[in-house]
Amino acid sequence: MQRSWAPPPMNGYRPMIVNVALTGAVPDKADIPTVPLTPEEIVDDVLACAEAGATVFHIHVRDEAGAPVHRRDLYERTFGPLRDKAPELVLCATTSSRVDPSPQARIAGLELDHALRPDMASLTLGSFNFPRSVSNNPPAAIVGLLETMAELGIRPEFEVFELGMVNTLWSLAEQGLIPDPPVVNILLGSNGSAPAFVGDLARIVDRLPPQAEW
């Protein structure tokens, strides 16, 4: 499915793209009673957020006990109804190493039948500490995931948690591994990554490739 990744300016401004991460890998019902965990709950929340104007959805799935997993059947049960009910939405599958660091597990949500395959997949551009876990992304794993995404026609959504990851983005671009324009999700404020101050955001944005969507 082809989509425009760089909308033309309108009256000098580009339209805002609202990207929603509904579930993540951490919160559960004890933390947030309304967090969607089952495929059916995720589908309902995606459609409600789409009605409110969101267009991109960053999807994590949970098993029957509510634990974060990479499982093909759960992605199929989530993406299938969304493709039927709202095929215009941009679906992004996580490849988070916090769920399972093994390369084969991390592509479970990508290797779906063509009709259900996500449009995008997240990819963190380096390793760092969360407060209680590690995001483990060795260089070879990053390249391997990029190659898999290219083979499957899935666009990477690059996750940048600190400035060194922007250096990695430039390096990968020089190797011809980055589709143009790069789509970058900047995440600030977690212990172990860049703090959420305006100056930190400005420095990261200033170092991005000029054509990047962020």
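The exercises below work through a predicted model of a protein, each with a solution in steps.

Residues are numbered from 1 along each chain as its sequence is written. Because the model is predicted, local features need pLDDT of at least 70 and side-chain atom pairs count only at pLDDT 80 or more, while totals for chains, interfaces and linings use all residues, and side-chain values use heavy atoms, with hydrogens and water left out.

**Exercise 1. Find out what the mean pLDDT of the protein is, and what the pLDDT is over residues 1-5.**

Begin with the term itself: pLDDT is the predictor's confidence in each residue, from 0 to 100. The mean for the protein is 93, and 94% of its residues reach 70 or more. Next, turn to residues 1-5, where the pLDDT is below 50, although this stretch has 12 contacts in the model beyond near neighbours in sequence; a contact here means heavy atoms within 4.5 Å. Where pLDDT is low, the predicted coordinates should not be read in detail.

**Exercise 2. Describe the secondary structure of the protein and decide how its radius of gyration stands against the globule rule.**

First, the protein has six helices and 10 strands, where helices (H or I, at least four residues) and strands (E, at least two) are DSSP runs numbered from the N terminus. Second, the radius of gyration, taken over C-alpha atoms, is set beside the globule rule, which is 2.2 Å times the number of residues to the power 0.38. The radius is 17 Å, close to the 17 Å that the rule gives for 214 residues, so the protein is as compact as a globular protein of that length. Third, the C-alpha trace spans about 45 × 40 × 35 Å along its principal axes.

**Exercise 3. Identify the residues that touch the most other members of the largest nonpolar core, and list the contacts of L125.**

A nonpolar core is a set of buried Ala, Val, Leu, Ile, Met, Phe, Trp, Tyr and Cys residues joined through side-chain atoms within 4.5 Å, and buried means under 20% relative accessible area, with exposed over 50% and partly exposed in between (1.4 Å probe, protein chains only). In the largest core, which has 45 residues, V46, F57, I59 and L125 touch the most other members. Leaving aside neighbours within four places in sequence, L125 is in contact with I142, F158, E159, V160, M165, T168, L169 and L172. Apart from this core lies another of five residues, among them V56, V90, M120 and V183.

**Exercise 4. Explain why the sulfur atoms of C49 and C92 do not form a bond, and say whether each residue is buried or partly exposed.**

A disulfide is a pair of cysteine sulfur atoms within 2.5 Å. The sulfur of C49 is 15 Å from the closest cysteine sulfur, in C92, and this is too far for a bond. The structure accordingly holds zero disulfides. As for accessibility, C49 counts as partly exposed at 23%, whereas C92 counts as buried at 0%.

**Exercise 5. Locate P118 and P181 in their loops, and state which peptide bond is cis.**

P118 lies in the loop between α3 (103-106) and β6 (120-124), and P118 is buried, with a relative accessible area of 3%. Beyond four places in sequence, the contacts of P118 are F79, R83, L91, A93, G109, L110, L112 and I154. P181 lies in the loop between α5 (163-174) and β10 (183-186), and the peptide bond from D180 to P181 is cis, with omega near 0°.
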